Each structure stands twice: as structure tokens, then as C-alpha cells.
Number of protein chains: 2
Amino acid sequence: MVEETRERIMEATYRALCEQGYAALTMQDIADECDCSKSLLHYHFDTKEDLLVALLAHLLERFEDRVPVDDGDPRGQLVELVELFVFGGDRDLDEHRAFNTAMLELRAQAPHNEAFRRQLAENDAHVHATVAAVVERGIETGAFREVDPERTAAHLLAAIQGARIRWITIGDDAALREVREALVSDVVDGWLVAG
Amino acid sequence: MVEETRERIMEATYRALCEQGYAALTMQDIADECDCSKSLLHYHFDTKEDLLVALLAHLLERFEDRVPVDDGDPRGQLVELVELFVFGGDRDLDEHRAFNTAMLELRAQAPHNEAFRRQLAENDAHVHATVAAVVERGIETGAFREVDPERTAAHLLAAIQGARIRWITIGDDAALREVREALVSDVVDGWLVAG
DNA sequence: CGTACTTGACTGACTAGTCAGTCAACGATG
DNA sequence: CATCGTTGACTGACTAGTCAGTCAAGTACG
């Protein structure tokens, strides 16, 4: 029952953040979105910051759950990961946009918030390692050229992140498709597999 | 004299934004940093939003001034652009970091602010066109393979943006070097010039 | 003198957080 | 079986403080 309420608060906080933006977000906004009193929020989370740190953890957890496991074909899995990170997989594009907008808002707070920084670093390391592992396996199976897996993962993920930022901040969804094409056709198929 | 005061306010706003972050930034913070009263800020800028929109324009202008002009060698100029965008050129790395942190904070507001969105879109288009033009010239001179200049520019700039975000938000400066290497050695030298 | 610039004191709206108290559920006890 | 006490979840009213923005009054300067 408590867990259920906390979940309800998380979802309300997420929606309120998407609507108001981090800078304008108030506890009252969240309470309104949650159909409860501000006091309930403070009952479950001591401070506004605690609540938002919990939200970040919640969102990152939800995100990591969507990253698929190994399936044998390195090239196919790498392309699948790129698709997932760029377009959000089978999720609605608007939902994917809202999620990434919220994540960007939280990410932009990291330089001023140690707790945010730690959580993002942990998540980034996990995603980075996942991609690097696929590249490494591709090299082992002979499917990929002998590249530096870390560097390749950093390259792919940086490009994906950059495209998402551009999409979110200026609404350029052509950037998503362009970068997907560049990564799949040029980097993966045109350079990585062309051993 | 008016222009001088506005410039002083811009610099103070920039410093205050770097120190406090967008969400916590107050007009009093800016006034303190400027050694003036809040009222002076309101004399020159009607609202806080006006002031921050002006700051974004100011920062983008300063940034665009740093982008070098054509110099004949496409490969050299492309690498120079990558270096500039990743490491800030000849500027101090801390200064480059502060600048990009401030830009990220402002960028994260774009989804909720039309004026920010327009300015960022204009700037992005300009930078994008600059890089695409260099790629195009490289193709014309025979230095580069016959790629899609737009897509290549989007790819390069996205990766640079992504690396910067990672550097700024979780402090990973290895990401900067890794992505620089991937772009210069793999994308430019390993793929683009290898016609 | 008047125009451009700058200030300190002020205000009303809004903010995070507190606190006493309500209410339903539940177990114990006579 | 009835009633009492306890507990956890939750609320509405409140407070102390902060915020952007205003305004009358002043100064410097051409």
C-alpha cells in the first residue's frame, strides 16, 4: 500500500516535471497532479530534493529494464540498441520525447547536485558497458573489425545522446533519423563490419 | 555607456548562472554578481526571462564568433572544428566547461520556452551548415569520399554534443578524448578520407 | 534644465516545510 | 461480542521566508 502510494507520487512527479519543467516545478504542482495534499509528499519524502532524486532513480531503473540482453548476433544487437536508444523501441514517440525531456532537465541539474551526478554516472557506466560488451563480442566472433570497444561505445552513445538533445531542444526529429542512418549505415555497416 | 552596462549585466548573469544553476538563479544573485541593484537589471530588461533570453543570444553570438572561416584544407579544417567544439580551442578548459554548463542549463529550458528554442535552432542550423559546407568542399576537391554532407555533419555534431553532455554532467573528461579520437581517427581519417 | 541612469524601500504573490489533528484499520482485553 | 487503545496514512491550515517586479527619489552628465 505504501509502495503503491510512492509509485503514484513518482508518476505524478514525472508528469508534473514534464509539464512545468524543473525550474518552475513546485510541490503544489506535484500534489495537484497526484490528487493529494502537499503534506502527503512530505510524509513520504522529507524534502523536494529527496523526491526528485527518487524520481531520477525511478526513471533510470525503468530505462535500464528496457535494455535487452544478449541474443547472439552482435551486428543485429548493436543496431537494435541504437534503434532503442534513438527512437525508444516500441514505445510511443511522444512518450519517448517526454521521457527524454524529463531526463534532460534532471541531467542539467547534475553539475549542482552530487546525488544526481552519482546516479547518472552509474547509469551511464552501465549502458556504456552494455554497448562495449556487444562490440567486444562482435570482435571475438569475427563479425567486427578489431576496434577499441570502449571508444566505439563512447562514440555511438555520444552521437545518440547528441541527436536526442537536438531533437528535444529544438524539435528537429530529422536529426534522429539522420544520426540513426549515420550510425547504422556508416559506422556499423560501413566501417565496423567491413573488416 | 548603456551598452557597457548591459555588457556588465550579461557577464554577471553568466557568472551567476554558472554558480547557482538555472533553477536556483535569482535576480538578487545577478545583482550581487554585478555589484548593482536589482532595479538596475529591471531598468535594462523588463523581466527575468528577457534577461536570460538576452544572455542566450549573447553567449551564442560569442560562440559563433569563434568558429573559424574556410582555410583551404577540408580535412584540416574539419579536424580543427572538432577540436574547437570538443575542447574549446585555445580557451581554458575550466572556462569551456563553465560555458557549456551554462549552455546546457539554457538548452534544457528550450522545451518550455519558445524564444530559447528559436535562438538555439538558428545557432544549430548555422553550425550545422558550417560543418556540412566543409564536408561538401572536401568531396568537391576529391579529399573526401562521396558521402551525404548533411548526414555527416549531423553525425559529427551529435557525437560532439553527446560527449560534452557526458563530460559536464558526470565529469567524465575521458569521454571528450575518446570521442575526439573516434571522430578524427575513425570517422574522418578512417572512413571519410579513405575514398 | 532635462534626460539617462541608478538606488533602497517596498509589496503581493508564492514557496517549502510544519504541525495538530482526522480517520479507518486492527488487535487486545474485559 | 463490544469497546478501548494504538498505529499508519493522510489532510488543511499555518508560518517564515523568498521571489520578481514597482516606485518615488535621487545623482550625474551633456
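A residue is taken as near a strand if one of its heavy atoms lies within 4 Å of it. The model is predicted, and local features need pLDDT of at least 70, side-chain atom pairs count only at pLDDT 80 or more, and totals for chains, interfaces and linings use all residues. Residues are numbered from 1 along each chain as its sequence is written, chains are lettered from A in the order in which they are written, and side-chain values use heavy atoms, with hydrogens and water left out.

DNA strand D is surrounded by 16 residues, the closest being Val2(A), Ser39(A), Tyr43(A), Lys38(B) and Lys48(B). Sugar or phosphate accounts for 50% of the strand D atoms within 4 Å of the protein, and bases for the rest. Polar contacts (pairs of N or O atoms within 3.5 Å) include one at 2.7 Å between the side chain of Tyr43(A) and a phosphate oxygen of strand D. A polar side-chain atom of His44(A) is 3.0 Å from a phosphate oxygen of strand D, while one of Lys38(B) is 2.6 Å from a base oxygen.

Salt bridges (a side-chain nitrogen of Lys or Arg within 4 Å of a carboxyl oxygen of Asp or Glu) number 25 over all chains. In one of these, the closest N and O atoms of Glu11(A) and Arg62(A) are 3.3 Å apart. Asp124(A) and Arg107(A) are joined by another, at 3.1 Å. Buried denotes under 20% relative accessible area, exposed over 50% and partly exposed in between (1.4 Å probe, protein chains only). Asp124(A) is buried at 11%, as is Arg107(A) at 8%, whereas Glu11(A) is partly exposed at 22%.

Conventions
Polar contact = N/O pair within 3.5 Å; in protein donor to acceptor, adjacent residues only side chain to side chain.
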